Amino acid sequence: MAEYQSYSYDVLVIGAGGAGLRAAIEAASKGVKVGVVCKSLLGKAHTVMAEGGVAAALANVDDRDNWRVHFTDTMRGGQYLNNWRMAELHAKEAPDRVRELEAWGALFDRTKDGRILQRNFGGHRYPRLAHVGDRTGLEMIRTLQDHGIHTGMEVHMECTVLTLLIDSGRIAGAFGYDREKGHFILWKAKAVVLATGGIGRAFKITSNSWEYTGDGHALAYRAGAELKDMEFVQFHPTGMVWPPSVRGILVTEGVRGEGGVLRNSEGKRFMFDDIPDLYKAQTADSEAEGWRYCTGDKNARRPPELLTRDHVARCINREVKAGRGSPHGGVFLDIAWIKQHIPKSEEHIKRKLPSMYHQFKQLADIDITKEPMEVGPTTHYMMGGISVDGDSQMSTLPGLFAAGEVAAGLHGANRLGGNSLSDLIVFGQRAGEYAAQFAKEHPAAAIDESQIQSTAAKALEPFERGPAAENPYAIQYDLQEKMQELVGIVRVESEMEQALEVVAALRERAAHAGIAGHRQYNNGWHTAMDLDQLLTVSEAITRAALLRKESRGAQFRDDYPNKDPEWSKYNIVIRRGSQGEMIVERRPIPPIPTELLKIIEEFK
Amino acid sequence: MDAMFRIWRGDANGGKFVDYKTPVDPGMVVLDAVHRIQATQAPDMAVRWNCKAGKCGSCSAEINGTPKLMCMTRLNSLNLDMPVILEPMHTFPSIRDLVTDVSWNFEVKKKIKPFKPRKPDAPDGTWRMQQADIDRVQEFRKCIECFLCQDVCHVLREHRKFEGFIGPRYFVYAAALEMNPLDTEDRIPELRKQDGIGYCNITTCCRQVCPESITITENAIIPLKERVVDRYFDPLKKIFRIL
């Protein structure tokens, strides 16, 4: 019998990035007992990596902006596969959530008249991103952390959840281990909010930190909740490509928002060559107009570098494949060129993009105020995730809620930059509120001791097999390598079929993974425990991508390169069958109400 | 090319340095080498890391005796003819290998009075602030809580003043609150007494190791010391108080 410590909460929040902390703050404000489990130390979650800003129609910089335009931009970006209710609530509530951060101590950059400054970003019609230089995510998580620690929530740092516990069809809690000692822990809870973020570590080239192993996706799936839109993985167009060890680290879209341009090895601004029809009317047709847009000219249209991420990533991919790439297999991103327009441009760039200046100087010996950067696509964000109710964020499993990247719906087939940070606070707040309500309305559920014991026994198996067995690090590297190669930015049926075989074979190897040493802070053990989650999400991504026989948003199929109007009517949902098999099916998108349709027509 | 890494392995009960030889490539940082060693030679080696981009402040360690982030220290900045010595931060209790128990820091933060804004300036509940008035606070808010400044501070490292002294990180935190134009709270009495700002003798060690280049000593600690002195040790004010 495995021993474990036991805690009991009304609401348990798993994940302490922006969404998790916002949910915990909200739940605590409703007077329920809140526990927070985080995989890292508090305040280190992946939210710190968000750079560009938080999208909210505050209309501080351009008074033509309002929630309707933001809603329309989000729907267009998502190619209309979005959960329209979430897109509506998000656009309406984001401004209040941003202002609330200021009331909790956040200090955004200011306009001349002292209000919150907003910047341009890809796919947003007006300057909409409240920001702090290029470290907006850090400002947000620190604000939530510093506010949250005074609300009575209990935080369990450096703990990983292995399984969700179920009692007659509803959530009962979670079971996992702490890294420091390697002890098992039971967290009983009336309601659980999953806010575990994304899945980037399933791919080799990624901007995501080690934690992003799809835990929430896999936990919810195994507990019986539905996943949705799993085929849509966003490849951010600009990650670092050199040196090799930093490949994938994000280069903020803010560089392009401030006037940075993309060039190929011939020095050509290739983005002007391929502007999709959906965006023609809003895109500049000359370099001069593009620059005017970046300097705030309201009559200018945006430069093509600020088209949606999926499109820019594919254009870069095309240039590289056509042999017009940079020396290390990317293209050039140049912000230094603005010296033609701005006196003291070096100071300007350092002030607007301090982290980028620092990052390139330190990691690549490049001074971005003087020379261009080399960039290429990097796995960045998971649009798909747990299928939730738009208002309450509850999944198809009663008592299980999800918010932030782990939840599906807001972003549809492609997310706009800046809509992630606003997603976290809008739906974190909602998930916290409704989880607290659920906890108040329901008694504590029963805990299944046998589920705990079988999970614990399985978790300890790698120690019994020992270091001579399969190396968990090697399995993870092999998975990342293959997912990148076979289910990456350009997809084709035969390769994805192959990927399914690879995942099955790796699952077999993972079942034989072994490790050395003891349970105390053993990174090898942690890696072995994460494999199960990574393999589950990899399979889900691949199966959904195979079923969607079209190219839309972040999914590009070489064998079906065009959009298929028929597919615009469906989301793909995934659930676990009674025999443990993965069931993948298409589900009609609920009809959009006429008043929202009118808004889309008006601002299209 | 191969390089040698001399890494401290052990826990609260003690430990020793173990040498690992590993191939290195151009552009690698120390954390890359540690990962390579972990994946090929020492799978159970404990290292704490997250973003690998200098933004989360998890992978703090002492590299050849200097507190640094492993993810931002490039191998070409080190002399690879000699073994690269990697140790956990000395100031905090060991958990295992390169990982230390930094929980004291989180407890300290809870004791500092939180942000308390003035009433909103506008009827819609928002405030007005000039960029020039928040520049200095934004510098402090760049802090990634890597605790390297705490690690190097001799008041903690040598004198073990974990009671009665909060360390440079929390002077920066307190300064960010005190200098926030909206804040109305008063933290000067605590800074003088239980936070122990007087123990700092401005040797600037903390500022020198800050990976975010925050001017900790000059911009945060000294102005706070001045506020304490103004409040409690101004001779003129003292006379007025007596009168």
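This report walks through a predicted two-chain model, from the contact between the chains down to individual strands and one loop residue.

## Where the chains meet

Let's start with the contact between the two chains. Chain A puts in 48 residues and chain B puts in 49 residues. On the chain A side, the elements giving two or more residues are helix 3 (84-103), helix 4 (136-148), helix 11 (354-364) and helix 16 (523-547) of chain A. Helix 4 of chain A has the largest share of that side, with 4 residues. In terms of chemistry, the chain A side that touches chain B splits into 21 nonpolar, 15 polar and 12 charged residues.

## A quick look at chain B

Chain B has 243 residues, and 45% of them are buried. You'll find 10 helices and 7 strands in this chain. Its C-alpha trace spans about 70 × 45 × 25 Å along the principal axes.

How do the contacts spread along the sequence? Taking contacts in chain B between residues at least 6 apart in sequence, 62% join residues at least 24 apart.

## Helix 1 against helix 4 in chain A

Helix 4 of chain A, already met at the contact with chain B, also has a partner within its own chain. Helix 1 (residues 18-29) of chain A and helix 4 of chain A have axes that come within 10 Å and cross at roughly 30°. Because of that angle, helix 1 of chain A counts as roughly parallel to helix 4 of chain A. The crossing of helix 1 of chain A with helix 4 of chain A is left-handed.

If you want to pick out the residues, helix 1 of chain A brings G18(A), L21(A), R22(A), A24(A) and I25(A), which meet M140(A), I141(A), L144(A), Q145(A), H147(A) and G148(A) of helix 4 of chain A. This helix-helix contact divides into 6 nonpolar, 4 polar and 1 charged residues.

## The 11-14-13-12 sheet

Chain A has an open sheet of 4 antiparallel strands in the order 11-14-13-12. Its edges are strand 11 (233-240) and strand 12 (261-263) of chain A, each pairing on one side only. On average, neighbouring strands here are turned by 45° against each other, direction ignored.

Strand 11 of chain A is joined to strand 14 (residues 373-382) of chain A by 6 bridges, and the two run antiparallel. Along strand 14 of chain A, T378(A) is the residue opposite H236(A). Helix 9 of chain A packs on this sheet, touching strand 11, strand 13 (331-334) and strand 14 of chain A, and its direction makes about 55° with that of strand 11 of chain A.

## The 15-10-17-18 sheet

Another open sheet of chain A also has 4 antiparallel strands, ordered 15-10-17-18. Strand 15 (385-386) and strand 18 (582-588) of chain A each have a single partner strand, so one side of each lacks a neighbour in the sheet.

Inside the sheet, 2 bridges link strand 10 (residues 227-228) of chain A with strand 17 (residues 570-576) of chain A, again antiparallel. K228(A) sits opposite V573(A) in strand 17 of chain A. Helix 16 of chain A packs on the sheet and touches strand 10, strand 17 and strand 18 of chain A; its direction makes about 45° with that of strand 18 of chain A. Helix 16 of chain A also gives residues to the contact with chain B.

## One loop residue

G296(A) lies in the loop between helix 8 (287-294) and helix 9 (309-321) of chain A. Is G296(A) buried or exposed? G296(A) is exposed, because just 12 other C-beta atoms lie within 10 Å, and the cut-off for exposed is 12 or fewer. From G296(A) to P377(A) is 81 residues in sequence and 28 Å in space, C-alpha to C-alpha.

Methods. Residues are numbered from 1 along each chain as its sequence is written. Chains are lettered from A and ligands numbered from 1 in the order in which they are written. This is a predicted model: local features need pLDDT of at least 70, side-chain atom pairs count only at pLDDT 80 or more; totals for chains, interfaces and linings use all residues. Two residues are in contact if their C-beta atoms, placed from the backbone, lie within 7 Å. Ala, Val, Leu, Ile, Met, Phe, Trp, Tyr, Cys and Pro count as nonpolar, Asp, Glu, Lys and Arg as charged, and the others, Gly among them, as polar. A residue is buried if 20 or more other C-beta atoms lie within 10 Å of its own, exposed if 12 or fewer, and partly exposed in between; C-beta atoms are placed from the backbone. Axes are lines fitted to C-alpha atoms, for helices over the stretch in contact, and angles run from 0 to 180 degrees between N-to-C directions. Angles under 35 degrees count as roughly parallel, over 145 as roughly antiparallel, 65 to 115 as roughly perpendicular and the rest as oblique. A crossing is left-handed if the near helix is turned anticlockwise from the far one by less than a right angle, and right-handed if clockwise. Two strands pair if DSSP finds at least two bridges between them.
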